[in-house]
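Q: Could you take a close look at the helix packing in this protein for me? I would like to know which helices meet and how they are arranged.

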Amino acid sequence: MRLTKPGRRSRPARVRRGLGWLLAFAATLVPLYLVFRVQLTVTPEAALKAGTELLAGKKVLAIVGHPDDLEWYIGGTLRRLSSAGADVQVVVATSGEKGPNRTGVADLPGTREREQLAAAEINGYTRVRFLGLPDRASAKDPRFLPGVQAVYNEVWPDAVFIFDPELPSLPYLHVDHQGAAHLTLTFWRTLGAGRPPVYLFQSRRPDVAVDISGVIDTKERALAQHVTQNGGNGAGMRGLFGGSAVAVPYAEYFRVLR
Ligand SMILES: [Zn+2]
C-alpha cells in the first residue's frame, strides 16, 4: 500500500488540477483569439475583386490622425489610385506634435507637415489638408467634425477611407485613429442613400484586398519621408502588409460599408 504524505495531493490529483487550469486557460484564450484575430470574411477572389472595384474610384477622400498614417496603412492603395488618374484628397487631423521626435528637430509639427507633403508628392495626392488639431485630442476637439464635414462637402468624394473604429485589428489603438474615425463614421451614416462607400482600414474583418505588390517600393519610399518617425527607413511596414491571405506578395486590406 502506498501512502501519500498528509497535506500533499496525490500525483493524479495534481495532474488533474493542472489539466483543469490548462483547459480554463484555453477556454479563455481561444474565444479571445477567434474574436480578435484578423480574418477575411469573404473568399480571397472576392476580396481582390472588391479591391479592383475600389481602384476604379475617381475622387477619394482619406481622413487620418497624423502625418505618416496614410503612408503606413494605405499608401499602396492611394498610390495605385493616383496612378490610375484618381483625384486623391487627404485630411490629416493633427500635425503630430506629441511625437516621437527621433531626429530631435526644434519644430516637430512643422517638420511633420513637410514630411507629409514630401510623401504626398511621391504618392500623388492632389491635396493635403491639415486641420491643425491637438495631437492625442483630435477626437475630443469640437472643431474635428465640422472640419471633416466642410472638406467632405467641398470634395464630394466617391469613396472615403478611415480607420476601422468598430472592428480594429490589434494591438495598436490610438484615440486619434479609432476615436476620430468613429465620429466620421457616425457622420457618414447620416448621409443616407447615395452616400459613397467607406473603406475602413486596420480592420480585423476585412472583405476587400488591394494588391500593392507592384508599388511596395514606392510605399516604402513614401513612408521613409517621415524621418522624424522612422529615421528615414520605411521598410518596417513590409512585414505587416503581406498578402498571403489573398496569395499575392503584398496587400492592403479594408472592410467596406455601403
Ligand atoms: Zn497615427
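A: Happy to help; here is a walk through two helix pairs, after a brief word on the chain around them. Please keep in mind that this is a predicted model. The protein chain has 8 helices and 7 strands, and its C-alpha atoms fill a box of roughly 85 × 45 × 35 Å along the principal axes. Of its 258 residues, 39% are buried. Among contacts between residues at least 6 apart in sequence, 79% link residues at least 24 apart.

Let's begin with helix H5 (residues 144-155) and helix H6 (residues 175-189), whose axes come within 10 Å and cross at roughly 50 degrees. An angle like this falls outside the parallel, perpendicular and antiparallel ranges, so H5 and H6 are oblique to each other. Their crossing is right-handed. On the H5 side, the residues that meet H6 are Phe144, Leu145, Val148 and Gln149; H6 contributes Ala180, Leu183, Thr184 and Phe187. Sorted by class, this contact has 6 nonpolar and 2 polar residues, with no charged ones.

The second pair is helix H4 (residues 108-123) with helix H7 (residues 216-223), packed at an angle of about 165 degrees with their axes 8 Å apart. Because angles over 145 degrees count as roughly antiparallel, H4 is roughly antiparallel to H7. The crossing of H4 and H7 is right-handed. Here Ala119, Ile122 and Asn123 of H4 touch Thr218, Arg221 and Ala222 of H7. The residues of this contact divide into 3 nonpolar, 2 polar and 1 charged.

How values were computed: Residues are numbered from 1 along each chain as its sequence is written. This is a predicted model: local features need pLDDT of at least 70, side-chain atom pairs count only at pLDDT 80 or more; totals for chains, interfaces and linings use all residues. Helices (H or I, at least four residues) and strands (E, at least two) are DSSP runs, numbered from the N terminus. A residue is buried if 20 or more other C-beta atoms lie within 10 Å of its own, exposed if 12 or fewer, and partly exposed in between; C-beta atoms are placed from the backbone. Two residues are in contact if their C-beta atoms, placed from the backbone, lie within 7 Å. Axes are lines fitted to C-alpha atoms, for helices over the stretch in contact, and angles run from 0 to 180 degrees between N-to-C directions. Angles under 35 degrees count as roughly parallel, over 145 as roughly antiparallel, 65 to 115 as roughly perpendicular and the rest as oblique. A crossing is left-handed if the near helix is turned anticlockwise from the far one by less than a right angle, and right-handed if clockwise. Ala, Val, Leu, Ile, Met, Phe, Trp, Tyr, Cys and Pro count as nonpolar, Asp, Glu, Lys and Arg as charged, and the others, Gly among them, as polar.
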